[in-house]
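Me: I'd like to go through the aromatic rings in this one with you. Can we take it step by step?

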Amino acid sequence: MNIKKELEKKLGIANGILLNNIDIDPLTIKAIMINEVVPSDPLEDFYGNPDADYLKTTIPLLQRAGAETASIQDILQKGIYITNAVKTPKTDYAIEKSSIENSLPYLEAELSLFPNIKVIMLMGDVAKKAFNMITKKASKKNVIPAVSTYKLRNSEIYYEGIRVMPSYIMTGGNILIEKSKVTMAAEDIAAMLEIIENPC
């Protein structure tokens, strides 16, 4: 299945919306990591160049969590799909709520493509906000409580039988500065790997 074609078939082609142009078997995916926002250059996204900016922080994070990965193909082979909550590049330092809302139908449809998901990781506040906006439509309440991520890390949150793990942003230069967040994100990813590799 080509993710981009599938989403455009469902929702139409939208101007400025950047979708993952990648062929994968959705049945093999057990975890989805939702990053915050697409980069302005699609070649720097997860499925762009082999040395794309987004992979320069993501691959070391997964390696630190104990996953033997050197490429996006390795990540997919582990049953992990990565996407962005906001499908339009940001124009400002902060991401507008309207940008999240415009991308929401695509993110929601994208999540529905994968029937065997055990874990959804929310990498950063924007991903957390977007996921809450999706779940609130169905359940009328936020799945992720409005408290700091570090306070939520050890709580087991489930939505429709899927473990939802709020964590920290995994792309961008700033991630390397905040060492404690890198450590916590790697620990969260290790917990996710444990769930998808050792189903009970």
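**Aromatic pairs**

Reply: Sure: searching the whole structure turns up four aromatic pairs, where rings of Phe, Tyr and Trp (its six-membered ring) pair if their centres lie within 6.5 Å; planes under 30 degrees apart are stacked, over 60 edge-to-face, and the rest tilted. Keep in mind that this is a predicted model: local features need pLDDT of at least 70, side-chain atom pairs count only at pLDDT 80 or more, and totals for chains, interfaces and linings use all residues. Residues are numbered from 1 along each chain as its sequence is written, and side-chain values use heavy atoms, leaving out hydrogens and water.

Me: What kind of aromatic pair do Tyr47 and Tyr81 form?

Reply: Their ring centres are 6.0 Å apart, with 20° between the planes. That angle is under 30 degrees, so the pair is stacked.

Me: How many residues apart in sequence are the parts this pair ties together?

Reply: Tyr47 sits in the loop between β1 (31-37) and α2 (53-64), while Tyr81 belongs to strand β2 (residues 80-86). Helices (H or I, at least four residues) and strands (E, at least two) are DSSP runs, numbered from the N terminus. So the pair ties together parts separated by 34 residues.

Me: Phe131 and Tyr159 pair up too, so is that pair stacked or edge-to-face?

Reply: The ring centres of Phe131 and Tyr159 are 5.9 Å apart. Their planes meet at 85°, so the pair is edge-to-face.

Me: Is Phe131 buried or exposed?

Reply: Buried means under 20% relative accessible area, exposed over 50%, and partly exposed in between (1.4 Å probe, protein chains only). Phe131 has 3% relative accessibility, so Phe131 counts as buried.
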